[in-house]
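The following note gathers remarks on the structure shown below. The points run from the overall fold to individual residues.

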Amino acid sequence: MPTIVEKRVLTPITKLFRVEAPLIARSARPGQFLIVRVREGGERIPLTIADYDAATGLVTIVVQEVGATTRRLGALEPGETILDMVGPLGNAIELAPGGHVVGVGGGFGSAALLCLMRALRRRGDHTTIVMGARRADLLLLVDELRAVCDHLELCTDDGSVGFKGFVTQRLQQLIDGDSPRRPDHVVAIGPMPMMRAVAETTRPTGIPTLVSMDPVMIDGTGMCGGCRITVGGEVKFACVDGPCFDAHRVDFDEAMRRTKMYVREQEAALQRLETEGICHAG
Ligand SMILES: Cc1cc2nc3c(=O)[nH]c(=O)nc-3n(C[C@H](O)[C@H](O)[C@H](O)COP(=O)(O)OP(=O)(O)OC[C@H]3O[C@@H](n4cnc5c(N)ncnc54)[C@H](O)[C@@H]3O)c2cc1C
Ligand code: FES
């Protein structure tokens, strides 16, 4: 069972874990994900591989506590084990080399830019990360992200640090600005409304844009159909065909509707958990 060797509290509801998983660390690529189970009989949840290190055998995950299973995971401590962790799953992000890649991150998605932007910069791409949050204290892993890209642009809704406004407004400025800072590729990872807004920002320019879709997943192997989305009018399964897709072809209306399908069951699971007394643990 994968053992947790490090835990960091990034925000009151966001925890980073470094976990011993040498086989996954050896074969992981940016953009891939894991399916994790915290306890026997518990649900399987998909989590992005935020970072990995083949030399140490450690895999980094960043968990935002939104419901029962993510809270159970968030309550684990170093030395404890995660019941099982399957991966790497899904396809790695593939981009033509040599351009200026702008990674746009929000929430736990910002963490997923760590391994992606490091890999792109190492092969010689020009790299910018545009990361947004409501306030300065909700920005994740600022120093770590600064270290893996050429430019880090911070955006806060309240202007408490960096650019005052949304990531899409700063992205628009980069698109309209001097040619060296104009993106050749955009990769957006974060909440679905943010990824949708990024898609609409780049659509008129035709700048190739990828989004990492996070629909409800159950098996993560293409069998259950839970993660079905429509891309360019075709049915795709995010777990095996994605999770990254051409942002300009994704049917976001449908994808956002489908994430609300199990709200009643999710609320019931949370209530059961609260009766067990597991809350946001530091
Ligand atoms: C490919 C992929 C990568 C992801 N990477 C991360 C990550 O790195 N860090 C992170 O914190 N979260 C990530 N998620 C989302 C995470 O899987 C869900 O937040 C988690 O499954 C919620 O489980 P829960 O029991 O805590 O909450 P639930 O009570 O099940 O749900 C609470 C909320 O989360 C949404 N949700 C529920 N199940 C899923 C699901 N299987 N997939 C997506 N959204 C769901 C619901 O719409 C609801 O709003 C990822 C999802 C996908 C598909
Ligand atoms: S999670 Fe079951 S088909 Fe993708």
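**Notes on the predicted model**

P88 is found in strand 7, which covers residues 84–89. The model is predicted, and the points below should be read accordingly.

1. **Cis peptide bonds.** The bond that leads into P88, from G87, is cis, with omega near -5°. A second cis peptide bond runs from G242 to P243, with omega near 15°. Whereas P88 belongs to a strand, P243 lies in the loop between helix 7 (238–241) and strand 16 (244–246).

2. **Overall composition and dimensions.** The secondary structure of the protein comes to nine helices and 16 strands. For 282 residues, a compact globule would be expected to have a radius of gyration near 19 Å; the protein has 18 Å, which agrees. The C-alpha trace spans about 55 × 40 × 40 Å along its principal axes. Of the 282 residues, 44% are buried. When contacts between residues at least 6 apart in sequence are considered, 65% of them join residues at least 24 apart.

3. **Domains and their contact.** The domain assignment gives domain 1 (4–89) and domain 2 (100–258). Their centres, taken over C-alpha atoms, are separated by 21 Å. Contact between them involves 18 residues of domain 1 and 19 residues of domain 2. On the side of domain 1 that touches domain 2, the elements giving two or more residues are strand 1 (4–11), strand 3, strand 4, strand 5 (51–53), strand 6 (58–64) and strand 7. Strand 4 gives the most to that side, with three residues. The residues on this side of domain 1 divide into eleven nonpolar, five polar and two charged.

4. **The sheet 4-3-7.** Three strands form an open sheet in the order 4-3-7, and the pairing is antiparallel. Strand 4 (44–48) and strand 7 stand at the edges, each with a single partner strand, so one side of each is left without a neighbour in the sheet. On average, and with direction ignored, neighbouring strands of this sheet are turned by 25° against each other. Strand 3 (residues 33–37) and strand 7 run antiparallel and are joined by four bridges. I35 has V86 of strand 7 as its bridge partner. Strand 7 is also the element that holds P88. Strands 3, 4 and 7 are among the elements that give two or more residues to the side of domain 1 that touches domain 2.

5. **L16 in strand 2.** Is L16 buried or exposed? L16 has 20 C-beta neighbours inside 10 Å and therefore counts as buried; the cut-off for this class is 20 or more. The residue is found in strand 2 (residues 14–20). With residues up to four places away in sequence left out, L16 touches R8, L10, T60 and V62. L16 and A111 are 95 residues apart in sequence, and their C-alpha atoms are 9.1 Å apart in space.

6. **Strands 9 and 10.** Strand 10 (residues 151–156) is largely enclosed by the rest of the structure, because five of its six residues are buried. Strand 9 and strand 10 run parallel, with six bridges joining them. In this pairing, A133 stands opposite T156 in strand 10.

7. **Positive phi at L141.** Which residue other than glycine has a phi near 55°? This value, which is positive, belongs to L141. L141 lies in the loop between strand 9 (126–133) and helix 4 (142–147). The residue is buried, with 23 other C-beta atoms within 10 Å.

8. **Packing of helix 6.** The buried residues of helix 6 (residues 192–202) are M194, M195, A197, V198, A199, T201 and T202. In an α-helix, residues three or four places apart point the same way, because there are 3.6 residues a turn. Against which elements do the buried residues of helix 6 pack? Their partners are strand 8 (100–106), helix 5 (167–176), strand 12 (185–189) and strand 13 (209–212).

Definitions and conventions. Residues are numbered from 1 along each chain as its sequence is written. Chains are lettered from A and ligands numbered from 1 in the order in which they are written. This is a predicted model: local features need pLDDT of at least 70, side-chain atom pairs count only at pLDDT 80 or more; totals for chains, interfaces and linings use all residues. A residue is buried if 20 or more other C-beta atoms lie within 10 Å of its own, exposed if 12 or fewer, and partly exposed in between; C-beta atoms are placed from the backbone. Two residues are in contact if their C-beta atoms, placed from the backbone, lie within 7 Å. Two strands pair if DSSP finds at least two bridges between them. Axes are lines fitted to C-alpha atoms, for helices over the stretch in contact, and angles run from 0 to 180 degrees between N-to-C directions. The radius of gyration is taken over C-alpha atoms; the globule rule is 2.2 Å times the number of residues to the power 0.38. Domain bounds come from an automatic or database domain assignment. Ala, Val, Leu, Ile, Met, Phe, Trp, Tyr, Cys and Pro count as nonpolar, Asp, Glu, Lys and Arg as charged, and the others, Gly among them, as polar.
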